[in-house]
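Hi,

Here is the structure I promised to pass on. Have a look at it first, and then read my notes underneath.

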Amino acid sequence: AVLLVDQAGWHLSTRLAVPPNITIMPLPPKSPELNPVENVWQYMRDNWLSNRVFKSYDDLVVDHCCEAWNKLIDQPWRIMSIGLRQWAHGF
């Protein structure tokens, strides 16, 4: 199996025990077009999480992120349009 990962330190750590039947393939840095979830987070930041003052870290993480996520999952067509790459589906 091939596991695509971004280049977060914990994904590429030499201390990570990877079974011999799995190959880790890191995505190139700064390539959100190859990792559609990055575009999902950007959409949520642009529409529901930016330009706000949060009372605390917990307020941000628990309340606002959950609220933004719930708004997004109520719009499956939006998730599909954010993650769709026309160039990848055009041939």
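Let's start with the cysteines, Cys65 and Cys66. A disulfide is a covalent bond between the sulfur atoms of two cysteines. Where is the closest cysteine sulfur to that of Cys66? It belongs to Cys65 and is 7.2 Å away, which is too far for a bond. A disulfide would need the two sulfur atoms within 2.5 Å. Keep in mind that this is a predicted model, so every distance here is computed from predicted positions. The whole structure holds 0 disulfides, and Cys65 is in none, with the sulfur of Cys66 as its nearest cysteine sulfur. As for its surroundings, Cys66 is partly exposed, at 41% relative accessibility.

Next, a pair that does meet. Side chains of opposite charge can pair when their charged atoms come close. How many salt bridges does a search of the whole structure find? The search turns up 1. The partners are Lys71 and Glu67, whose side chains come together at 3.6 Å, N to O. That counts as a salt bridge because the cut-off is 4 Å. Both residues sit in helix α2, which covers residues 57–73. Lys71 and Glu67 are 4 residues apart there, about one turn of the helix. Are these two buried or exposed? Each falls in between: Lys71 is partly exposed with a relative accessible area of 32%, and Glu67 is partly exposed at 44%.

Now for the inside. In soluble globular proteins, nonpolar side chains tend to be buried together. Here, the largest nonpolar core has 8 residues: Val40, Tyr43, Met44, Trp48, Leu49, Ala68, Leu72 and Ile82. Helices α1 (36–49) and α2 each supply at least two of its residues. Which helix gives the most to this core? That is α1, with 5 residues.

Ala68 is a good residue to click on if you want to see the core up close. Ala68 is found in helix α2, and with a relative accessible area of 1% it is buried. Leaving aside residues up to four places away in sequence, Ala68 touches Met44, Trp48 and Leu49. You can also look across to Asn47: Ala68 and Asn47 are 21 residues apart in sequence, yet their C-alpha atoms are 8.5 Å apart in space.

Then try Gln75, which sits in the loop between α2 and α3 (76–83). Is Gln75 buried or exposed? Gln75 is buried, with a relative accessible area of 17%; the cut-off for that word is under 20%. Its contacts, again without residues up to four places away in sequence, are Tyr43 and Trp48. Tyr43 and Trp48 are both among the residues of the largest nonpolar core.

Not every nonpolar residue is tucked away, though. Val2, Leu4 and Met25 make a nonpolar surface patch of about 300 Å². Val2 lies in strand β1, residues 2–5. With a relative accessible area of 54%, Val2 is exposed, because the word applies to anything over 50%.

Two loop residues are worth a stop before you close the viewer. Gln7 lies in the loop between β1 and β2 and is partly exposed, at 44% relative accessibility. What does Gln7 touch, not counting residues up to four places away in sequence? The list is Leu12, Pro26, Leu27, Pro28 and Pro29. Gln7 and Lys30 are 23 residues apart in sequence, with 9.5 Å between their C-alpha atoms.

The other one is Leu34, in the loop between β2 (23–26) and α1. Leu34 is partly exposed, with a relative accessible area of 39%. Measure from its C-alpha atom to that of Gly83, 49 residues away along the chain, and you should get 9.7 Å.

If you want to retrace one part, begin with the cysteines: the sulfur atoms of Cys65 and Cys66 are 7.2 Å apart, too far for a bond.

Cheers

Note on methods: Residues numbered from 1 in each chain as written. Predicted model: local features only at pLDDT ≥ 70, side-chain atom pairs only at ≥ 80, totals over all residues. Heavy atoms only, no water. Buried < 20%, exposed > 50% of the residue type's maximum accessible area, 1.4 Å probe, protein only. Contact = heavy atoms within 4.5 Å. Core = buried A, V, L, I, M, F, W, Y, C linked by side-chain atoms within 4.5 Å. Patch = residues over 30% accessible without salt bridge, like charges linked within 9 Å, V, L, I, M, F, W, Y side chains within 5 Å. Areas by Shrake-Rupley, 256 points an atom, 1.4 Å probe, with all protein chains shown as cover.
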